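Hi there,

Here is the structure I promised to pass on. Have a look at it first, and then read my notes below.

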Amino acid sequence: MKLPHINIQNLMDNYHVTGLSMACIEGCTISRTECYGLLNTNTVKSVDSHSIFSACSISKFLTSMLVMKLTDLCILDLDQDVNEKLVSWKIPYNAWNIRKRVTLRNLLCHQSGMIDPEGSFPELDSKIGFPTIVQLLEGKTPYCKVPIEMKYEPESDFQYSDAGYCIIQLLIEDVTGKTFNKVMNEYIFQPLLMGNSTFELPIGEADLSNFSAGHNKVGDEVNGKYPIYPYPAASGLWTTPSDLALLVIELLNSLKGESKLNLPVNKAIELVTPQGGKDWTRLGVFLEKNEKGIEISSFGWGVGFQCMMVA
């Protein structure tokens, strides 16, 4: 069944959407892709199934899948105090984490005790450059001006937190001795053949020929054209709907014992299990029960881009 092109194009015109790309999954395979519009307002190049968009916070879903793989390899432990393996920086101890220590599970489901400071974690400012994750967590950059510390007891509340995923990134880098990007390539992108996914934008303009520029609500290109978020695990993903669909299919297949990543069924089940008494939050994804069954979702809103993943 073809999607109604004329209706979608009309909606894009009404809302000043320059480019749109979609992939649909049926029976654990990509059944079709649909692409509309242009990569940016200053080109005649049309969006196609290989066009790459900023997925922003959908990065957290990839991070959660990576963490589950690393826990299966006993490199990480979901329920261990993360301070025991953090080397470059430690979560400061205060009254909120004396009784309960922060775990990877807490960080993945946004119930760690971290609250992002107001105005923190914006897109990269080229005049300032890239901060290190330690500098961010210590509150020593304009991207996060105050140190990250506990604000409530773990598991007692839900607070959506980019800072929590920065801690996850640092933990992965500390225990593996590799950059987050390299670990993601090794354990997720390469095995699943996600060749159009990256956490590192190419440097040259020519190499960005398949990348969509960001556009504002009136359809103009945003400043910087290709917004970068210097916190990959939280919001740095650039990908295509087809590549993202491959990871969704991997999760669905893992639940059936058919994982290409050799992810055990129990790890896949754990990722979609309710956490901390909150029925709708899981590890890196959100779930909702409706008339069709259980819906897995992840959303990304960033400068110039909006995206959604629903299965």
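Which side chain meets that of Arg 105 in a salt bridge? The partner is Glu 270, at 2.6 Å or not? No need to guess: the N to O distance is 2.7 Å. Please keep in mind that this is a predicted model. Glu 270 sits in helix α9 (residues 265-271) and Arg 105 in helix α3, so this pair ties together parts that are 165 residues apart in sequence. Arg 105 is buried, at 16% relative accessible area, while Glu 270 is partly exposed at 22%.

A search of the whole structure gives 10 salt bridges. Another of them links Glu 153 and Arg 99, with 2.6 Å from N to O. Glu 153 belongs to the loop between α4 (133-137) and α5 (162-176), and Arg 99 to the loop between α2 (59-72) and α3 (104-108), so parts 54 residues apart in sequence are tied together. Here Glu 153 is buried (19%) and Arg 99 is exposed (62%).

Lys 178 and Glu 186 also pair up, at 2.8 Å. Both are partly exposed: Lys 178 at 35% and Glu 186 at 34%. Shared partners join Asp 79, Arg 105 and Glu 270 into one salt-bridge network.

Now for empty space and surface. There is one cavity of 30 Å³ or more, and it holds about 40 Å³. Its lining has four nonpolar, one polar and three charged residues, including Leu 76, Asp 77 and Gln 80. On the surface, Leu 11, Tyr 15 and Val 17 make a nonpolar patch of about 310 Å². Tyr 15 is exposed, at 59%.

Enjoy exploring!

Definitions and conventions
Residues are numbered from 1 along each chain as its sequence is written. This is a predicted model: local features need pLDDT of at least 70, side-chain atom pairs count only at pLDDT 80 or more; totals for chains, interfaces and linings use all residues. Side-chain values use heavy atoms; hydrogens and water are left out. On a 1 Å grid over the protein atoms alone, a cavity is a set of points where a 1.4 Å probe fits but cannot get out, and a pocket is an open set with protein on both sides within 12 Å along at least five of seven lines; lining residues have an atom within 4 Å of a point. Grid points are joined across faces, edges and corners, and a volume is the space filled by probe spheres set on the points. Ala, Val, Leu, Ile, Met, Phe, Trp, Tyr, Cys and Pro count as nonpolar, Asp, Glu, Lys and Arg as charged, and the others, Gly among them, as polar. Patches are made of residues with over 30% relative accessible area and no salt bridge: like charges are joined within 9 Å, nonpolar side chains (Val, Leu, Ile, Met, Phe, Trp, Tyr) within 5 Å. Accessible areas come from the Shrake-Rupley method with a 1.4 Å probe; for residues, only the protein chains shown count as cover. A salt bridge is a side-chain nitrogen of Lys or Arg within 4 Å of a carboxyl oxygen of Asp or Glu. Buried means under 20% relative accessible area, exposed over 50%, partly exposed in between (1.4 Å probe, protein chains only). Helices (H or I, at least four residues) and strands (E, at least two) are DSSP runs, numbered from the N terminus.
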